[in-house]
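Grab a pencil and work through these exercises with the structure open beside you. Try each task before you read its solution.

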Amino acid sequence: MSPTIGLPPPCAEPCLDTSRMSRFKGGTIIAEEVRDLGEHQRRMADADAYRPSPCLTCGHEKLHVHCRPERHPKREPSLPAVVPVLQFRCADAECGATWRILPLFLARHLWHAWKTVERVVRPSATLPKATAPPVPPQTERRWRARLDATARVLCALLAASGGAVLTEVAMAVGLDATRGALVDAFHDVVGGPAGERLSPLAGLIHRLERGIRLM
């Protein structure tokens with residue numbers, strides 16, 4: 001019998017539960033409605049479709065295109081090797097905050113797309129594992145360890161959001177749940193396409209408290 005049975009899940013890595021709300025002027029905005037490459041490319045062709053307003057730091061109404069950084073999602077045959085994204089800058093000279101816009105399918109702070117992560121840690125994903133390059137064993141272990149870590153901060157965040165559905169999810173799993181259990185409970189209550197359990201919750205968490213991560 002495993003010595004961990006009956007014990008609470010281990011603590012999450014500090015980088016997963018650290019808020020960036022008060023530490024940085026700008027940051028990342030996740031476009032939760034952009035779930036696929038086609039919609040992302042359409043918005044990249046028309047910056048207004050991605051342009052945030054107002055600035056989340058100062059409330060200024062105008063933000064200008066600042067640059068087009070590149071993301072290089074690894075081991076994902078459904079995506080090109082290079083996926084450009086948009087970064088905007090607040091037009092207020094005293095603010096100047098920059099905001100990078102990520103589509104939901106690109107994982108923040110990971111070198112992979114969410115589809116790749118899900119294919120490894122949630123094998124029910126729609127893309128068969130055999131059709132994609134394998135992920136290194138140490139990467140898979142790190143991802144699984146993060147899902148096995150405590151979801152206490154995430155559950156508290158959902159419960160404090162004021163939404164009845166999110167409170168229901170948090171209460172259903174409890175403060176001693178793992179992040180993996182929270183992922184499954186959220187998908188069971190909220191629903192969504194098969195193979196998309198991780199990205200919706202990750203985007204929601206970032207919106208509620210910028211910087212806090214699912215994985």
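**Exercise 1.** In this predicted model, find out which elements the buried residues of α7 pack against.

*Solution.* Start by picking out the buried residues of α7 (198-208). They are Leu198, Ser199, Pro200, Leu201, Ala202, Gly203, Leu204, Ile205 and His206. Next, look at what surrounds them: these residues pack against β1 (27-31), α2, α3, α4, α5 and α6. Finally, take stock of the helix as a whole. Nine of the eleven residues of α7 are buried, so the helix is largely enclosed by the rest of the structure.

**Exercise 2.** Decide whether Ser199 is buried or exposed, then list what it touches beyond its sequence neighbours.

*Solution.* Begin with location: Ser199 sits in helix α7. Its relative accessible area is 6%. The cut-off for buried is under 20%, so Ser199 counts as buried. Now skip residues up to four places away in sequence, and you're left with Leu104 and Trp114 as the residues Ser199 touches.

**Exercise 3.** Work out which residues touch the most other members of the largest nonpolar core, and which element gives the most to it.

*Solution.* This core has 29 residues, and the two that touch the most other members are Leu198 and Leu214. Then see where the core gets its residues: α2, α3 (137-147), α4 (152-159), α5 (164-173), α6 (179-190) and α7 each give two or more. The top contributor is α7, with five residues.

Now zoom in on Leu214. Leave out its neighbours within four places in sequence, and its contacts are Leu16, Leu154, Arg179, Val183, Leu198, Leu201, Ala202 and Ile205. There's also a second, separate core of 23 residues, with Ile29, Val83, Ile101 and Phe105 among them.

**Exercise 4.** Find the buried residues of α1 and say how they're arranged around the helix.

*Solution.* First, the residues: Leu37, His40, Arg43 and Met44 are buried in α1. Second, look down the helix axis. The buried residues fall within an arc of 125°, so they line one face of α1. Third, check the packing partners, which are β4, β5 (86-90) and β6. Last, go to the start of α1, where a side-chain oxygen of Asp36 comes to within 3.1 Å of the backbone nitrogen of Gly38.

**Exercise 5.** Track down the residues that have a positive phi although they're not glycines: where are Arg75 and His109, and how exposed are they?

*Solution.* Take Arg75 to begin with. Its phi is about 55°, and it lies in the loop between β3 (70-71) and β4 (83-84). With a relative accessible area of 26%, Arg75 is partly exposed.

Move on to His109, whose phi is about 70°. You'll find His109 in the loop between β6 (98-103) and α2 (114-121). Its relative accessible area is 49%, so His109 is partly exposed as well.

**Exercise 6.** Locate the cis peptide bond that leads into Pro54, then see what sits over the ring of Trp111.

*Solution.* The bond to look for runs from Ser53 to Pro54, and its omega is near 0°. Pro54 belongs to the loop between α1 (37-44) and β2 (63-67).

For the ring, look at Lys74: its charged end sits over the ring of Trp111, 5.5 Å from the centre. And if you go hunting for aromatic pairs, with ring centres required to lie within 6.5 Å, the count comes to zero.

Definitions and conventions. Residues numbered from 1 in each chain as written. Predicted model: local features only at pLDDT ≥ 70, side-chain atom pairs only at ≥ 80, totals over all residues. Heavy atoms only, no water. Helix = DSSP H or I, 4+ residues; strand = E, 2+ residues; numbered from the N terminus. Buried < 20%, exposed > 50% of the residue type's maximum accessible area, 1.4 Å probe, protein only. Phe/Tyr/Trp six-rings, centres within 6.5 Å; stacked < 30°, edge-to-face > 60°. Lys NZ or Arg CZ within 6 Å of the ring centre and 35° of its normal. Arc of directions from axis to C-beta. Contact = heavy atoms within 4.5 Å. Polar contact = N/O pair within 3.5 Å; in protein donor to acceptor, adjacent residues only side chain to side chain. Core = buried A, V, L, I, M, F, W, Y, C linked by side-chain atoms within 4.5 Å.
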